[in-house]
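This report looks at charged side chains that pair up and at how one helix is placed. Please view the structure below before reading on.

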Amino acid sequence: MGEERFVYRKKEERYRRMNRFNLITVFVALMIVLAYLWLKLLSGNINRVTVLANTAVIAFSVIVNFALYARNKAGTRLRLVIAIEIGFEFLMLAAQTDAKFIDITLIGILAVAVPYYDKKFCSRLAVVYAALYAMEGAIRAVKGILVLEVDSVCMTVICYSIFFILARVGSISQQFSDHAQGAIEEQNGRQEAMLTDIISISKTVKEESDKSTGLVSELVDSTQTVARSMQEISAAANTTAENISEQSIMTQSIQESIEETRSRSSQMVDIARESNISIQENMQIMENLKLHSAQIAATNEQVTDSMGKLQNRTKAVGEIAGMILDISGQTNLLALNASIESARAGEAGRGFAVVADQIRQLSEQTKASTEDITRIVNELNENASEVVHSVKTSVGATENQNEMIRTAADSFGKLDQNISELINDIQEIDYRIGNLSESNNKIVENIAHLSATTEQVTASAEQASQLSERNMESAEQTREALSLIRDTTESMEQYIA
């Protein structure tokens, strides 16, 4: 659109347009001259040879003009040839006629030369035409045609003034044109430089926006991955919290079992002490065994019942110890699962991992203590079995007490030793149960702390998930903005020169 509107900013286009206008103007002027000559011929006021000669010159000039224009429409020769033709025709008419309008022809041709914006050509043409005008005056003065009147003098002065004015107008017009063209070219240069800088910046912005778009896409993908991981962590933390709640219930059951075991252990100590007293009494009355065989049988019977009860209690303790061992294994497994979940939680689950490790250590201690209890209970069962066997032997010996008095005494001595060991084992069980109770209390405290940590991890995971969602929304908005910037920079590329 800009090229079509301002085509005449190019010198070739201006010359093409002015050559066409000049050609038409000169053609019309020559036709007027030709009409003037033939009209003068018809009226008998001019020589026929003069008319024919001028007609031939005009015809030749028109042909030459059109040939030059057809050959090069934007050439500079046409204006020079036209100026020479008009000057020559002017001299011919001035020498052969008294026509006054031909003076206007010189002025017209000089005026047509102004829009060419050629200062040198316009000035020289004005000087040449002024000289021709002076020659015309001289010729007419010689022929007696020129009359010095006020009108003729004023006409001469006006013509020379117009020649000078047209020369100056041509010079000023060229100056104006050169300055305007220079300003336009300078402004175009600045605009082109500015546009080049803008295009360069837009390309840089486009490249960076493409990179940013890629980074934002990666950020969106990473945020989605983090959000999914946070959801998985939150779900795992909720599951862990449920397992911790179950573990808390199981730990309470362990505490109740420990209390029951401690109560039964106390009862076993009492029973063992009573048995020891009975054995001591039996040993004191061994010398009177023959006289008190019935009492020994009764005492043996009592010992048998006590040993039966003791065996039953030790079996119960063994069952409790087995249950504690199972719970300890479950606790260890839960602590392992908690360690795994805390590792997945990363930095937020570090405290959770420490607590889980402490629970695992306490669980292992519980397991060790329970295994010791089981071992002691097994030994207790063995001792109780031996006591029962000894009592049975003692009962059998009472049937032959006179013959088996030493055997009974040895059996009671062994029984006394076994009862003493039994008392020591029961005391050891009581000590172990105390340690187990203390460990279980620590487990309860750690489970409470672990539950609080789990809640914190869950809250942090939910907060991180919400933050990831907000980041993902911000990243989507940023990607849309970068896409808009990229489209804008692409639309600016059409202005690249």
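The text that follows treats the salt bridges, then one helix.

**Salt bridges**

The model is predicted. Side chains of opposite charge can pair when their charged atoms come close. How many salt bridges does a search of the whole structure find? The search finds 3. The table lists them with the distance between nitrogen and oxygen.

| Acidic residue | Basic residue | N to O distance |
|---|---|---|
| Glutamate 13 | Arginine 16 | 3.0 Å |
| Aspartate 118 | Arginine 79 | 2.6 Å |
| Glutamate 379 | Arginine 375 | 3.3 Å |

Take the pair of glutamate 13 and arginine 16. Both residues belong to helix H2, which covers residues 11-42. They are 3 residues apart, about one turn of the helix. Glutamate 13 has a relative accessibility of 28% and is therefore partly exposed. Arginine 16, at 29%, is partly exposed.

The pair of glutamate 379 and arginine 375 lies in helix H9, residues 350-399. These residues are 4 apart in the sequence, so about one helical turn separates them. Glutamate 379 is partly exposed because its relative accessibility is 30%. For arginine 375 the relative accessible area is 42%, which also counts as partly exposed.

Which parts of the chain does the remaining pair link? In the salt bridge of aspartate 118 with arginine 79, the closest N and O atoms are 2.6 Å apart. This pair links distant parts of the chain, with the two positions 39 residues apart in numbering. Aspartate 118 sits in the loop between helix H5 (102-113) and helix H6 (119-143), while arginine 79 is in helix H4 (residues 77-96). Is arginine 79 buried or exposed? Its relative accessibility is 7%, so arginine 79 counts as buried, the cut-off being under 20%.

**Helix H3**

Helix H3 runs over residues 48-71 and has 24 residues. At 1.5 Å a residue, H3 should span 34 Å. The C-alpha atoms at its ends are 35 Å apart, so the expected span and the distance in the model agree.

At the start of H3, a side-chain oxygen of asparagine 47 comes to within 3.3 Å of the backbone nitrogen of valine 49. Several residues of H3 are buried, among them Thr50, Val51, Asn54, Ile58 and Tyr69. Which helices do the buried residues of H3 pack against? They pack against H2 and H4. Helix H2 also holds glutamate 13 and arginine 16, and helix H4 holds arginine 79.

Key. Residues numbered from 1 in each chain as written. Predicted model: local features only at pLDDT ≥ 70, side-chain atom pairs only at ≥ 80, totals over all residues. Heavy atoms only, no water. Salt bridge = Lys/Arg side-chain N within 4 Å of Asp/Glu carboxyl O. Buried < 20%, exposed > 50% of the residue type's maximum accessible area, 1.4 Å probe, protein only. Expected span 1.5 Å × (residues − 1). Contact = heavy atoms within 4.5 Å. Polar contact = N/O pair within 3.5 Å; in protein donor to acceptor, adjacent residues only side chain to side chain.
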